[in-house]
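User: Could you take a close look at one part of this model for me, the place where the two domains meet? I would like to see that part set in the context of the whole chain.

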Amino acid sequence: MSSIIQLLPDHVANQIAAGEVVQRPASVVKELLENSVDAGATEIKLIVKDAGKTLVQVIDNGKGMSVTDSRLCFERHATSKIRHAEDLFSLGTKGFRGEALASIAAIAHVEMKTKQEQDELGTHLIIEGSKFVSQDVAVVPKGTSFSIKNLFFNIPARRNFLKSDTVEFRHIVDEFERVAMAHANIHFVLIHNGSEMFNLPASNTRQRIVNIFGGRTNEKLVPVNETTEIVSINGFVCKPEFAKKNRGEQFFFVNDRFIKSGYLHHAVMAAYEGLLKDGTQPGYFLYLDVPPNSIDINIHPTKTEIKFDDEHALYAILRSSIKHSLGQFNVAPVLDFER
Ligand code: ADP
Ligand code: MG
């Protein structure tokens, strides 16, 4: 009997991985924005055309890449962020899988310009469907620009599955807002079809939330601050009288990463017990900092779900700190505070 098992070529493996990492243009936005944050950028500009179906471009003023790295970054499992399996338990970056760029380049046309501060000249590189088309020396500013065009050009089923521009753009705005809320100290701009949708100057968390959700948000916010051995909680919950019928603005960030957690949501709702009209939901913007070795982020490729070591303790601390803040809000003045 002859053997029938074969190792898949890299470009096929990349295309398969892309199916998990890149579901829609918004997934590209998330990965590129997070890379810019990891690169230490203080200014990040997102330019989108036709809800990302025509173009997603992210320009940053971060540390850029060397000539060698500008090619290596498109290899699978190529990352500058971890070296050993243990590093997974002390992550200080958004990325670590080394998968995003390889995946995106497998299913789109990618143009990259990058330059490190100390280099006089940078790199201009084009890669399409995992094939390097060109790589030239170029005069470019410090930092990195990625332009992603023709997303899913070689996966028609995915392309056809995309929703209307309104829906796809809503997903992009969601990702943009989440990254912007987690990094209030970075200046973010979003331009869609030539119009500036957001221009968020570097600021503190409270101001960032108000800049995104509108001036009236300020009066709704009640600060929450609590530090224990296992978690430090900062951020805001909204006064109960502003609760809404729909879920509205509800955000958890863990170590500056947006996450979804039904369990933690339940803890918040428990803190509001007796304060809400039936069927209404409060807004909240909660930032939890935990020791990196007490969580596992690597349970889903998009990293929006995480596992906590001590979920029960976290639940109790979250609930009691919010309860405490809500109990105080009508007597204590709402001070401007920096996270
Ligand atoms: P990961 O973020 O998990 O490391 P990616 O595929 O997203 O994987 O990126 C691969 C590598 O490319 C990163 O580790 C980083 O070294 C480099 N890189 C990507 N984007 C940027 C950027 N905007 N600026 C500087 N380096 C970048
Ligand atoms: Mg990344």
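Analyst: Happy to help; what follows starts with the whole chain, turns to the domain contact, and ends with the ligand shell and a few loop residues.

A word on conventions before the details. This is a predicted model, in which local features need pLDDT of at least 70 and side-chain atom pairs count only at pLDDT 80 or more, while totals for chains, interfaces and linings use all residues. Residues are numbered from 1 along each chain as its sequence is written, and chains are lettered from A and ligands numbered from 1 in the order in which they are written.

The protein chain has nine helices and 15 strands (DSSP runs numbered from the N terminus, with H or I over at least four residues for helices and E over at least two for strands). Its C-alpha trace spans about 70 × 55 × 40 Å along the principal axes. The radius of gyration is 22 Å, which agrees with the value near 20 Å for a compact globule of 339 residues; it is taken over C-alpha atoms, and the globule rule is 2.2 Å times the number of residues to the power 0.38. Of the 339 residues, 36% are buried. Here buried means 20 or more other C-beta atoms within 10 Å of the residue's own, exposed means 12 or fewer, and partly exposed is in between, with C-beta atoms placed from the backbone. Among contacts with a separation of 6 or more, 69% join residues 24 or more positions apart; a contact needs C-beta atoms, placed from the backbone, within 7 Å.

Now to the part you asked about. The domain assignment gives domain 1 (10-200) and domain 2 (213-328), with bounds from an automatic or database assignment. Their C-alpha centres lie 29 Å apart. Eleven residues of domain 1 are in contact with eleven residues of domain 2. On the domain 1 side, the elements giving two or more residues are α1 (10-21) and α6 (165-182), and α6 provides the largest share, three residues. That side divides into six nonpolar, two polar and three charged residues. For these classes, Ala, Val, Leu, Ile, Met, Phe, Trp, Tyr, Cys and Pro count as nonpolar, Asp, Glu, Lys and Arg as charged, and the others, Gly among them, as polar.

Helix α6 deserves its own look. Its 18 residues should span 26 Å at 1.5 Å a residue, and its end C-alpha atoms are 26 Å apart, which agrees; the expected span is 1.5 Å times one less than the number of residues. Its buried residues include F169, I172, F176 and V179. An α-helix has 3.6 residues a turn, so residues three or four places apart point the same way.

As for ligand 1, 23 residues surround it, the closest being N35, C73, T79, S80 and G95 (near means a C-beta atom, placed from the backbone, within 6 Å). Helices α2 (25-38) and α4 (100-106) are the elements giving two or more residues to this shell, which holds eight nonpolar, nine polar and six charged residues.

Finally, the loops. S130, between β4 (122-128) and β5 (131-138), has a positive phi near 70 degrees and is buried, with 23 other C-beta atoms within 10 Å. D256, between β11 (250-254) and β12 (257-259), has a positive phi near 65 degrees but is partly exposed, with 16 such atoms. N293 is exposed, with 12, yet beyond its neighbours within four places in sequence N293 is in contact with F89 and S90.

Technical notes. Two residues are in contact if their C-beta atoms, placed from the backbone, lie within 7 Å.
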